[in-house]
Every structure is written in structure tokens, then in C-alpha cells.
Amino acid sequence: MTADTSTATEYLNQLTTALSEIDLSRVANWGSRLARLRGEGQRLLVAGNGGSAAEAQHLTAELVGRFRTERSPISALALHAETSSVTAISNDYGYEEVFARQVRAHARPGDIVLLMSGSGRSPNLLRAAEAAREAGAVTWALTGPAPNPLATLVDEAVTVTARSLSTVQECHLVAVHLMCAAVDAAMDAAVTARDASATKAAARDTTATEAAATESVGSTPSAAPPLSSTSSPEPARERRPATARKARPDLVVVGDAFLDHDHLGRVERVASDEPALVVSGGSTHMRPGGAALAAVLTARQGYPVTLVTALGKDAVGDRLRTLLDEARVEVVDLGLDGSTAVKTRIRAAGRTLMMLDEHDVCPPVGREGETALAAARRALTAAGGILVSDYGRGVAAHAGLRAVLAEAARRSPLVWDPHPRGAAPVAHTAVVTPNSREARVIASLAGSDTLSDDVEAARAVWGAWGPVQVALTRHEHGAVLLTDADMPPLVVPTKVAAGRKADPCGAGDFFAGHLAAMLACGRLPSEAVTSAVAAASAYVAAGGPRSLEHSPEDPPDDDSAMTGPATGPMTGLSSGGPAAAAHGAVELADAVRARGGTVVAAGGCFDLLHIGHIQLLEQARRLGDCLIVCLNSDDSLSRLKGPSRPIVPAAQRALVLEALASVDAVLVFDEDTPEAAIRALRPSVWVKGGDYSGMEIPENELVSSLGGRTVVVPFVAGWSTSSLIESARTR
């Protein structure tokens, strides 16, 4: 077999596997319901980007025309094909509104809006889904691997599990043809039924006429039933309830549990006979460890939690069960053929001096057999969200449990917190959450804890386990969310409180548990990761595992950890005004680079400064040692936005930006794109706002060629300069 033949065979194998997993019953059901649009007076609106746009237009052509058999046309519109509307809306409102505004114009209650996306993360399609639901339309989606934001937003979704976007799109085309075949079959059946009904009605009329002729002339005719517009009710439509997701969904944590001992003492001398620290006095505290700690931390956030784990029949296992019961965590015990593990940390002066693992050999899991596995299946089937907290001791590798997890992951978001010695995630896992070191071990990469190396490690994990979203935690630096190996990542920075010797133990467990909870509540992955970074930072600032020694306060609202990134003094250079006065933008970049610092740059018009701009710049500044803003000149902005812009001249926009503590310098450029500015600055990090998440970024190739990295940071939804200007005009 040649290399070319091998490649083709592998490609076809992937396509065959992906096609075999398509929900054919739902596709056929969609076709039957599309066939009813003709009689009910509704229409189909379809939208997509790129290849998905072509397939959406393919569907509307088949419905308005014909697929195989002659039939009546069905009203179907491809929103992206209206080029004048697309360009006008994009110019006036931004491309993210290009479909939403058309949906608001055209969609009526009962219409069907079908959105097609390989990734399921395109902002313009997400906004269109929201607009369709507001209009009372039925919302469907054809997407890539689940779960994804678009599949979560719509009433019904058909998802395709495949690593390649081309394979996803080919499966979508097959789904389009299957829908059209189902339309033809349903309409043929309807015609046949009507003909049969007409034949029966004619026969009944003939019989009734003959019977009437035989009745006596004096008989009294029965009264005719009154006519009513409600005598033939519309068929019921499937709609997802507005309250489909519980505010506090049931969560299931799966993984290895052990008992943690923390001995807190003090060090005042070194041993006289060898160079060893002497720990004296202090106290020992016991708490749940591993997956048990993840379960307790998640339960303390106010969620009902069940822990699926394996415990030994020993005093340690009994103690752990008691601690879990006190934390109101339900336990499904698969059983451990051996003793429950114990880990001991010896700490002094806010530092861990030594860790003792008393059970390095992992005993077999599954002593309780099928009864316990059935209980685990019931818990996972009812779960709103799932966290697998794998500590490499056998629970996540249990074959029977993995099959149950893979099935549950089709219904609910599953977060997999991996271990270098642990098992690979099951199919349909939504997000994996390795830390920097774990990711490098999993991907067999060398490197340091720099942002660039962490992004490469996340890409390598995606390559090994994809398609799966990778939320790589960066210790005190926050997290990186990679949703597609070919797209720039979302970087969520954080900041450790100054002067505090924080104990980070359990921060990864807290992050993963909070992330699973947010996904279960219906949050987008970018929102969930942003919230989890803030929540884990607050956990560490509150004392980390020491916080378990106190009674928890009332659980916060779901949004409590999503109020934005931490604020406070920045490291590196001082505020923008003095820095910009002392150095030009290029000189500043050269000076920072010369001393080994990280140059961060961001670009934009910043015509009317708003909270979205402020948050973007603050987060960008935390990614390095200086932030330089590349600002469109007045002529550049006019060419980009039209003759009515700018509202504020470039000189004034630059002064306002330089007054921000997050901005160290401003470089005004006159070209249509910041290409020349980027070449002059050579930034290590080029930052774009979260509205570019899942989209191609034009500057990415140039930044990469200069040795830099393009990233995306979270944004504040609902804010844009164009919308502010439109609002002002309306008022």
C-alpha cells in the first residue's frame, strides 16, 4: 500500500466512522417536519459560514426546487446569500450581527431556523440562535463535535464527531440529502393519504346518499356540526423549555479518592548530624484528597454532588466516608481490593517541605461488581454535568465505567482532569484540564512555563486527544482555552494577591469542578473558563485547603465568580503616560525586549471607549511587561467604517488610551491594517477580543512569522462602538 493510498484509506475510515454516529432518526424527523412547512405556512431560514454556507444554500435549493420527485416547493431562505443585506449589516453593525438582524426581520413564530457550523462556536451564528428563540422560531443546528455552544443554544442539534473539519462538512452534506429524501417521502405519503381519504370520503358520500334515498320523506335530518377554525389543530412542536437547565444541576465527580494528612509545624533549626530541616510542634489535619477533594469543593459551591470512586474496607476508607457524608456528598463505591490511599504533606512557614505517599501501588478497582456499576450508571444518567478527576489509580481506567462515561458524555458536558499516569479521556469529552506540567508530560514535550510553550503544549494535547477543548491551567498565571488547534487560544490571566503565601493545593480541583458546574448551567466554554479562573483564584486567596476547616458561607450566585478579572497594580513598567513620554512605542518595545521582557500589543479603532475596551486592555496588559495599542488613524478609520467616522479624532483617542494604567504606549497607523505597526513592534503577544473566538484572525500569520503569538481574551457581551452610536442616534 502506497503512502497516498494509506492516507486516502485513513481519510475514508474517519468519514465512515463519523457517518455511523449521525443521529439518523433525528435527521429523518427534521425532514418530515420540513415537509409540513408547506401546509402550515411557515418557512425555513438557514445560515452558515464558509463551506457551511455552501451546504446551507444547497439545502434551500433542493427545497425550493426538487430533490428526487416532483412536489410543491417549500419556502426556504439562505441568509448569507442576500449579499446586499450581508454587506450592509456587516458594515453598519459588525459581522457578528449579520444573521441575527436578518432573523429578527424574517423569522416568525413557528418558523424553523437551521444554523450550520463545523465548530459550533461562530459568534454570528450564536447571536442568530438567540434572535431566533426571541422571535419564537424553532431552532436547529448541524455542528461538529458536541458539546459546543451552538448545540447548547438551539432546541435540537445533530452533531458530528470528527477531528477534521472537512469530514464534518461532508457528513453535513449527507445529512442535507437525507433530510431532502425524508421531505420527499413525507410529502409522497401525505399525497397518498389524501387520495385514500378522498376515496373513502367519496364512498361514504355514495353510501349516505343511497341510505338517504331509502329513508321516509318525513324523517328529520340531524343537525350539521358547527364549523370551527380549531377543528384541525396544528401538530404539536417540540420546544426546549426555557428552564431546561437547572440553576443548580446535579453534578457527578468520578475518580480516585484518598485521605490527605496535613502536618503544619515550624522550622527553627537544622539537624546537627545531617543537613535536614527539623519540624517541631504543630498539628495534623485530615481532609478528603484527590477526586474526593474535588467533590467536596464543588459541593461547597452549592451543587448537589455524587462521587463515584473506589474505597477500601479499612479505617481510612471509613474515615473518608464520614468526611464525605459531612460535606453532603453522596458516594457510589465501586470497591477497592486493597487499602485506601493516604497522602501526607509536611508544611512549615507556608511551604510544603515533603510529601509522603504511603500507597504507591494501586490495588484493583471494582470489588463491588455490577451492583455498584449500575448505581454509577444511574447517577451519570441523571447528571447535569460530569467531572472525571483522574489521579492515575484505576477508577478512570475501569472498562465498565468508561463505557458508561462515554454514553453519559453524549448527554451532558464532561470535563476530564487528567493525570500523566492516568487514562485517556473517553469519547465525547467536552473539555480536558491539564496543568502546564501535565500537558507537557502527556504530549512528551519539553519547555518552560511561558505562555508560548503552554499554548504549544495545549495544541499537542489537542492533537493527541482531539477533537476536544483544552483548558490548560497555568498555576498563578490563569488558564489557556484552546477550542481548535488551528485557531488562536483564549487566554484568561489572573493575579495572585501580593505578599500572601498562598497554598495552591486543590486549586486545580476547584477549577475543574467549577468549570463542570458552569458548563452544566449552560455557559459557553469561554465564560466557564473565565469564571473558573476567578473562582479558583478566590479559593487560593481564602487559604486553599485550610478553608475546609471552616463552615462555608452561603453559596454564591452562579454569576458571582464572573464579575471580571482581578484588578490591582500592574507589574513591569509604570502607567502609560510617563512610559509613553519617555519612549516612543517602537523604542519602548525594543527596551522591554532587550531586558528579556514580553511585549504585548493590541489593535483597534477605540472610537468611543467603553467597558469592553477597558476589560480587553486590562487583560492584555497582564500577559506581559508592556502593552502597546496600535490605533487606526482618522483616514484609516473612515475607510474602514465609513465617512461618518471617526467620532473622536485620533489625537484625542490616543490621549485617552495613554491615560489608562493598562496602556504603556500608543502607535497610530494610517494603513487599512496594522501590518506595518506589527512589523515595527514585533510583539511577543498580539491580543484580540473574545468576539474573534473561533474565527480566523488576519494578523495571525504575520505575528507568527515574527516569532509572536496571537491570543484571544474574554470580552464583555453587548458592547460595541457601532451599537453605542446607533443608540445615541435613536435617542
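Which strands does helix H6 lie across, and at about what angle does it run to S3? I would like to start from that question, and I should say at once that what we are looking at is a predicted model. Helix H6, which covers residues 123-135, lies across S1, S3 and S4, and its direction is at about 170° to S3.

To place that helix, let me turn to the sheet. The strands in question belong to an open sheet of 5 strands, paired in the parallel sense and ordered S2-S1-S3-S4-S5. At its edges are strand S2, residues 76-78, and strand S5, residues 156-159, each of which pairs on one side only. On average, neighbouring strands of this sheet are turned by 15° against each other, if direction is ignored. Strand S4, residues 138-143, is joined to S5 in the parallel sense over 4 bridges, and if you want one particular point to find on screen, Thr143 has Thr159 in S5 as its bridge partner. A further helix to look for here is H3, residues 51-64, which lies across strand S1 (44-48), S2 and strand S3 (112-116), and which runs at about 160° to S1.

Let me now step back to the chain as a whole. It holds 24 helices and 23 strands, and of its 731 residues, 47% are buried. If we take the contacts with a separation of 6 or more, 72% of them are between residues 24 or more positions apart. The chain exposes about 33300 Å², and carbon and sulfur atoms supply 54% of that area.

For an example of burial, consider helix H12, residues 399-408, whose buried residues are Leu401, Val404, Leu405, Ala406 and Ala408. What covers these residues? The cover includes strand S6 (251-255), strand S9 (305-309), helix H11 (369-381), strand S13 (385-389) and strand S14 (414-417).

On the surface, there is a nonpolar patch of about 540 Å², made by Val267, Val270, Leu277, Val279, Leu353, Met354 and Leu356. Strand S7 (257-270), strand S8 (277-290) and strand S12 (351-357) each supply at least two residues of the patch, and the largest share, 3 residues, comes from S12. Leu356 lies in that strand, and because its relative accessible area is 37%, it counts as partly exposed.

I come next to the charged pairs, since a search of the whole structure finds 24 salt bridges, and I will take you through a few of them. Arg621 forms one with Asp664, where the closest N and O atoms are 2.8 Å apart. Arg621 lies in helix H19 (residues 611-621), while Asp664 lies in the loop between helix H21 (650-658) and strand S21 (665-669), so this pair ties together parts that are 43 residues apart in sequence. Are these two partners buried or exposed? Arg621 is buried, with a relative accessible area of 1%, and Asp664, at 0%, counts as buried too.

Asp672 and Arg639 form another salt bridge, with their closest N and O atoms 2.6 Å apart. Here Asp672 lies in the loop between S21 and helix H22 (675-681), and Arg639 in helix H20 (residues 634-641), so the pair ties together parts 33 residues apart in sequence. Arg639 counts as partly exposed, at 48% relative accessibility. Elsewhere, salt bridges that share partners join Asp260, Asp262, Arg287 and Arg345 into one network.

The side chains of Glu368 and Arg367 also meet in a salt bridge, at 2.6 Å from N to O. Glu368 is partly exposed, with a relative accessible area of 33%, and Arg367, at 25%, counts as partly exposed as well.

I will finish with a single residue, Asp484, which sits in the loop between strand S17 (479-482) and strand S18 (490-492). Asp484 is partly exposed, with a relative accessible area of 25%. Which residues is Asp484 in contact with, once its neighbours within four places in sequence are left aside? Those residues are Arg459 and Trp462. Arg459 is 25 residues from Asp484 along the chain, and the C-alpha atoms of the two are separated by 8.3 Å.

Key. Residues are numbered from 1 along each chain as its sequence is written. This is a predicted model: local features need pLDDT of at least 70, side-chain atom pairs count only at pLDDT 80 or more; totals for chains, interfaces and linings use all residues. Side-chain values use heavy atoms; hydrogens and water are left out. Two strands pair if DSSP finds at least two bridges between them. Axes are lines fitted to C-alpha atoms, for helices over the stretch in contact, and angles run from 0 to 180 degrees between N-to-C directions. Contact means heavy atoms within 4.5 Å. Patches are made of residues with over 30% relative accessible area and no salt bridge: like charges are joined within 9 Å, nonpolar side chains (Val, Leu, Ile, Met, Phe, Trp, Tyr) within 5 Å. Accessible areas come from the Shrake-Rupley method with a 1.4 Å probe; for residues, only the protein chains shown count as cover. A salt bridge is a side-chain nitrogen of Lys or Arg within 4 Å of a carboxyl oxygen of Asp or Glu. Buried means under 20% relative accessible area, exposed over 50%, partly exposed in between (1.4 Å probe, protein chains only).
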